[in-house]
Amino acid sequence: MTAQADYGEKIPNNVSLHEDRRLQRALEAWQPNFLSWWDAMGPALPTRDVYLRTAVNVGRDGWARFGFVPMRDYRWGIFLAERDPGRLIPFGEHKGEPAWDRVPGEYRAELQRLIVIQGDTEPASVEQQRNLGATAPSLYDLRNLFQVNVEEGRHLWAMVYLLHAYFGRDGREEADELLRRSSGSLESPRILGAFNEETPDWLSFFMFTYFTDRDGKYQLGTLKESGFDPLSRTCEFMLKEEAHHMMVGTTGIDRVVERTAQVMVERDTDDVAGLGVVPLDVIQKYLNFHYSVSLDLFGGETSTNVANYYTAGLKGRWMEERRRDDHLLTSDSIMVDALIADPGTGAPSIGQTEVAALTGLNTDLRRAYIADCAGGVNRWNKILDGFGLSRRLKLPHAAFNRRVGAFAGIEASPDGELLDAAQWERRQGAWLPTEVDKTYVRSLMRPVRERGKIAAWIAPPRHGIDGRPFDYEYVHLS
Ligand SMILES: [Fe+2]
Ligand SMILES: [Fe+2]
């Protein structure tokens with residue numbers, strides 16, 4: 001069983017932190033560094049308090065509490081999902097053995113690496129979103145931004161707890177490094193590419209929370225299967241919070257599409273640039289960008305590292321326990337994307353090749369993600385359809401704008417047509433946001449801070465937060 005949530009401590013937790021004074025002291029020493037990072041790199045807009053959800057426990061009934069909190073006083077805590085004492089490792093060569101409560105010595109380096117990579121993304125997104133408060137389209141949206149920010153901060157705490165509790169001095173050093181790297185920095189950037197991109201406007205923010213946070217959901221889903229039980233339980237609880245981030249992205253894009261469609265119908269034109277909303281082809285370009293950089297986050301089509309993680313029981317598959325196979329995969333194969341050289345001319349073409357299922361696990365995860373992303377596109381197209389419009393959004397081909405994996409060395413159109421460098425140079429402005437597009441989108445980003453009001457480029461949400469109406473005063477500015 002999980003210990004009761006201890007909310008009286010400096011660091012709220014349900015891991016009986018007070019029983020391990022050394023660990024408690026180490027984390028309490030890290031806490032001021034976290035707060036200095038938050039002050040320097042967290043939300044830049046000054047606020048008095050914000051209507052926020054705070055995790056207070058992990059139980060089925062009521063794991064969070066809503067209320068006005070000055071953001072700096074947010075109770076970032078350490079919460080692991082309840083322990084299942086009979087849990088068995090669900091896959092790999094240790095399948096069927098009891099899950100590990102400690103780090104097995106032979107997997108120490110790999111586990112630490114997985115936790116550091118996950119941990120690095122959490123503060124990165126806060127840094128990327130630092131300046132968005134200045135241009136929020138409504139108090140409701142501003143509150144959602146801050147909710148995502150404080151929860152990414154809590155996810156950092158979650159990973160730092162694991163590093164401190166299970167990885168000794170190396171872990172503590174890595175925890176410090178998580179605050180030292182920063183998004184977009186030239187000297188010490190964040191580990192993964194998409195987390196060094198800018199999030200300069202709210203369309204980018206919604207695309208980020210839809211496509212890039214969704215990558216996070218899939219990574220957490222595979223770590224939730226881990227044989228290392230504290231990691232599994234940590235990620236299981238993080239997934240609960242992540243659902244809200246997905247909602248922000250999904251409904252955010254819903255509302256942008258809805259507003260654009262409205263104006264297209266009212267004015268009977270596709271050419272809505274200059275009418276105060278985002279044209280559909282600009283929405284498509286933003287989608288193309290965020291989707292393609294997020295596909296890169298899944299790594300190469302094949303990876304022996306990931307095969308080893310699986311065999312060792314460190315990182316499973318999405319929905320591992322629902323898969324109907326042997327959960328060892330030693331004799332299975334999978335088709336993965338590849339560049340195929342023409343046997344005669346040597347010219348490359350986009351195709352597929354068969355590899356061992358274990359080495360193709362990145363592809364397996366990316367495919368689950370792609371299917372999930374398609375759900376959003378269907379939703380947005382239904383909105384267009386509801387307005388009687390025939391235009392549609394779509395996911396670009398997996399080879400489009402890739403910097404990692406089989407297609408890193410080539411260029412392709414969103415339809416998957418191979419292009420040479422000159423063609424790509426000439427045509428990419430039709431597919432990716434140009435400076436003109438970005439400047440236009442930025443020009444729409446004027447803050448609306450009056451209760452119940454909203455910017456003209458986005459429709460209001462269907463529902464407020466925690467049963468409150470849209471026109472609730474979710475944020476008190478200072
Ligand atoms: Fe997160
Ligand atoms: Fe997130």
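Eleven residues need naming at the outset: Thr222, Val306, Tyr310, Lys315, Gly316, Arg317, Trp318, Leu361, Asn362, Asp364 and Leu365 line the largest cavity. The model is predicted. The volume of this cavity is about 80 Å³. Two helices, α8 and α9, each supply at least two residues of its lining. α9 gives the most, with 4 residues. Sorted by class, the lining of the largest cavity holds 5 nonpolar, 3 polar and 3 charged residues.

The count of cavities of 30 Å³ or more comes to 2. The second largest has a volume of about 40 Å³. Its lining consists of Gln128, Ala194, Glu197, Glu198, Thr199, Phe208, Thr212, Phe289, His290 and Val293. Here α5 and α7 (280-296) each provide at least two lining residues. α7 contributes the most, 3 residues. The lining of the second largest cavity divides into 4 nonpolar, 4 polar and 2 charged residues.

## Pockets

The open spaces come next. The largest pocket encloses about 510 Å³. It is lined by 30 residues, and those closest to its centre are Ile117, Leu192, Gln219, Leu297 and Lys315. Lys315 also belongs to the lining of the largest cavity. Five helices each supply at least two residues of the lining of the largest pocket: α2 (108-128), α3 (139-166), α5 (202-223), α8 (304-312) and α9 (361-386). Which helix has the largest share of that lining? The largest share is that of α5, with 8 residues. By class the lining of the largest pocket has 12 nonpolar, 11 polar and 7 charged residues.

The second largest pocket has a volume of about 410 Å³. It is lined by 18 residues, and Ala81, Glu82, Asp84, Arg233 and Glu236 are the closest to its centre. Its lining has 5 nonpolar, 2 polar and 11 charged residues.

The class make-up of each lining is set out below.

| Space | Nonpolar | Polar | Charged |
|---|---|---|---|
| Largest pocket | 12 residues | 11 residues | 7 residues |
| Second largest pocket | 5 residues | 2 residues | 11 residues |
| Largest cavity | 5 residues | 3 residues | 3 residues |
| Second largest cavity | 4 residues | 4 residues | 2 residues |

## Helix α5

α5 takes part in two of these linings. It supplies at least two residues to the largest pocket, and at least two to the second largest cavity. Is α5 mostly covered or mostly exposed? It is mostly covered: 22 of its 22 residues are buried.

The helix also bends. A kink of about 35 degrees is centred on Phe208. Phe208 is one of the residues lining the second largest cavity. How does the length of α5 compare with expectation? At 1.5 Å a residue, its 22 residues should span 32 Å. The C-alpha atoms at its ends are 30 Å apart, which agrees.

## Strand β1 and its partners

Strand β1 (residues 47-55) is mostly covered, with 8 of its 9 residues buried. It pairs with two strands. With β2 (residues 64-69), β1 runs antiparallel and is joined by 6 bridges. Thr54 has Arg65 of β2 as its bridge partner. With β7 (residues 475-477), the pairing is again antiparallel, over 3 bridges. Thr47 stands opposite Leu477 in β7. In a regular strand, side chains alternate between the two faces of the sheet.

## The loop before β7

Ile465 sits in the loop between α11 (435-444) and β7. Why does Ile465 count as buried? Its relative accessibility is 6%, and the cut-off for buried is under 20%. Ile465 and Arg143 are 322 residues apart in sequence, yet their C-alpha atoms are 9.2 Å apart in space.

Asp466 is found in the loop between α11 and β7 as well. Asp466 is partly exposed, with a relative accessible area of 38%. Its phi is near 55 degrees, a positive value in a residue other than glycine.

Ser16 likewise has a positive phi, near 50 degrees, and is not a glycine. Ser16 lies in the segment before α1 (21-41).

Technical notes: Residues numbered from 1 in each chain as written. Chains lettered and ligands numbered in written order. Predicted model: local features only at pLDDT ≥ 70, side-chain atom pairs only at ≥ 80, totals over all residues. Heavy atoms only, no water. 1 Å grid on protein atoms, 1.4 Å probe; cavity = no way out; pocket = protein on both sides within 12 Å on 5 of 7 lines; lining within 4 Å. Points joined across faces, edges and corners; volume = space filled by probe spheres on them. Nonpolar A, V, L, I, M, F, W, Y, C, P; charged D, E, K, R; others polar. Buried < 20%, exposed > 50% of the residue type's maximum accessible area, 1.4 Å probe, protein only. Pairing = 2+ DSSP bridges. Expected span 1.5 Å × (residues − 1). Bend = angle between axes of the 7 residues up to and from the residue.
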